[in-house]
Amino acid sequence: MTRPAWFAGTLAALAAGVLGYWAGRQDGPVPALVERARSEYVPALVEQARHGVARLLPAAQAPAPSKPASGPVVYYRDPDGKPVYSASPMVTADGREFRAVRVSEDVRFDDGDGEAMPADMAGHDAEPGEAAKPGGDARRVLYYRNPMGLADTSPVPKKDSMGMDYIPVHAGEDEAGVVTVSPGKVQRTGVRTEVAERRVLSVPVRAPGSVEEDERRISVIAMRTDAFIEKVEPVTTGDHVRKGQPLLRLFAPEINAVAAQYLTSIGYEGGRRRLENLAIPPEVIDEIERTHKVPPSITWSAPRDGVVVERNVSDGMKAKSGDVLFRIADHTRVWVLADVTERDLAGVAEGQKATVRARAFPDRIFAGTVTRIYPHLNMETRTARLRIELPNPDGALRPSMYADVEIATGDAKPMLAVPDDAVIDTGERQVVLLDRGEGRFEPKAVKVGLRGRGYVEIREGVTPGDRVVTAANFLIDAESNLKAALQSLAAPKDDRQAASAGGTP
């Protein structure tokens, strides 16, 4: 009843009471006058009083015009206002469409009109107090628990000392470890799920490194006797040479003397062996045998394809025995030496694949293989050195370049895994939330294993095909923990509650 109507009713009741009392104590025509006043004047007086009081009340009590709803549709609600929701458009049993609830209308996290239920579990034609159909038993109220979590329950609705309503506990909600969330809450909190499936987990080990020459692909040109350089071919440091390409022409007295002895004893292996011991190229020895002449000078050629990385010779100079004249390196294959921390060393093994990203070419990936783990640890940095071999056909990788190495460790066999976000780690145990459908979520303790690429191995607790919550799982887990705590405190206390819960007192 509004305040103006209350004032008007009060005045009318007082007037009618006074007239009635006076009429009862008098005789004559007064009762007729009183009856006329009741039928004609009192209603008019009531109407005038109501309008007068309404003018005295503040205008702010008038209902404010509602703003139009805006934003995307969050969910759909029963047109009669019942606590029945749907994630998609649907109609009632009599053909009426559910009302769309938009973001501007949905401003609360909790439902203000009681416990919500999915549309496929609610009966639109159920009478008040009657269980919803189908599955009416699933919504039957077992008892009411204290809203503050105290160990106090009631078989009937009631309020606590602060005026807060006791919370109903429905049948089906006492399922051990399962928490039920309405579709409205599921959409508002952004719950997302993903199927647990088997996949190959690659756990990367990252380390800095540098490009180095392959020690087995370096050739040095040095004389085994004193010689005089007559002519150096136009080959300089950085030039690419081919195997057999002439590099220089020289004269060596000792080589000529050995060659002359060889001509006098052709057919004896000892003479040819002396020429080979002086590192005379085989083609020069064959030419001496063919022409039976000692050449005045000898042409020295490149022993392999590669790049001239060092030149220490000039025309007319004297080269002593052992002097390095040329150094040639083959860069078609290179090494990358990486330093792996002691903590990651256990996951690395020879033969594993590695990817290399040179800092000079951040958009290129070079693939290689771990071929050697050096036996000693660096005492200052506590790192172990790895050697990674990789092809370099275009010569893009140059020695001394910095590189970032990533080694794929882990088992190549597929294993059951879930996203990292699905695991709630409390420090003592790990938990995932399984989506059981229809807004029901069950916490499940798991044992985890390897991690990599955003996924974690699940060794126990989850089976392939289970749906796990990957977003908003902390909110659901908090509600599940609160429910478990309240259930442990708010167990049925009397015979009536025990009977309602289906247990024994």
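Which residue in β17 is the bridge partner of His-240? The close-ups below come from a predicted model, and the opening view takes up that question.

**View A. Strand β17 pairs with β14 and with β19.**
The answer is Val-307, which sits in β17 as the bridge partner of His-240. The strands behind that match are β14, residues 240-241, and β17, residues 306-311, and they pair in the antiparallel sense over two bridges. Val-307 also has Ala-329 as its bridge partner in β19. That second pairing, between β17 and β19 (residues 324-329), is antiparallel too and runs over four bridges. If you want a reminder of what holds such strands together, strands of a sheet pair through backbone hydrogen bonds, either parallel or antiparallel.

**View B. Helix α4 and what its buried residues pack against.**
Here we've zoomed in on α4, a helix of 12 residues covering 253-264. From first C-alpha to last it reaches 17 Å, close to the 16 Å expected at 1.5 Å a residue. Look for Ile-255, Asn-256, Val-258, Ala-259 and Tyr-262, which are buried. Seen down the axis of α4, the buried residues fall within an arc of 165 degrees, so they line one face of the helix. The spacing rule is handy here: an α-helix has 3.6 residues a turn, so residues three or four places apart point the same way. As for the neighbours, the buried residues of α4 pack against two strands and two helices: β15 (246-251), β16 (298-301), α5 (269-277) and α6 (282-291).

**View C. A closed barrel of six strands.**
Follow the barrel round in the order β11-β20-β23-β22-β21-β24, with antiparallel pairing. From one strand to the next, the twist averages 40 degrees. One pairing to pick out is β21 (residues 353-358) with β22 (residues 366-378), which is antiparallel over four bridges. Within it, Val-356 stands opposite Phe-366 in β22.

**View D. Two loop residues with positive phi, His-292 and Ser-400.**
Most residues other than glycine have a negative phi, and this view shows a pair of exceptions. His-292 has phi near 55 degrees and is found in the loop between α6 and β16. For Ser-400, phi is near 80 degrees. Where is Ser-400 found? Ser-400 lies in the loop between β23 (383-391) and β24 (402-409). Is Ser-400 buried or exposed? With 57% relative accessibility, Ser-400 counts as exposed, because the cut-off for that label is over 50%.

Notes. Residues numbered from 1 in each chain as written. Predicted model: local features only at pLDDT ≥ 70, side-chain atom pairs only at ≥ 80, totals over all residues. Heavy atoms only, no water. Pairing = 2+ DSSP bridges. Expected span 1.5 Å × (residues − 1). Buried < 20%, exposed > 50% of the residue type's maximum accessible area, 1.4 Å probe, protein only. Arc of directions from axis to C-beta. Contact = heavy atoms within 4.5 Å. Axes fitted to C-alpha atoms, helices over the stretch in contact; angles between N-to-C directions.
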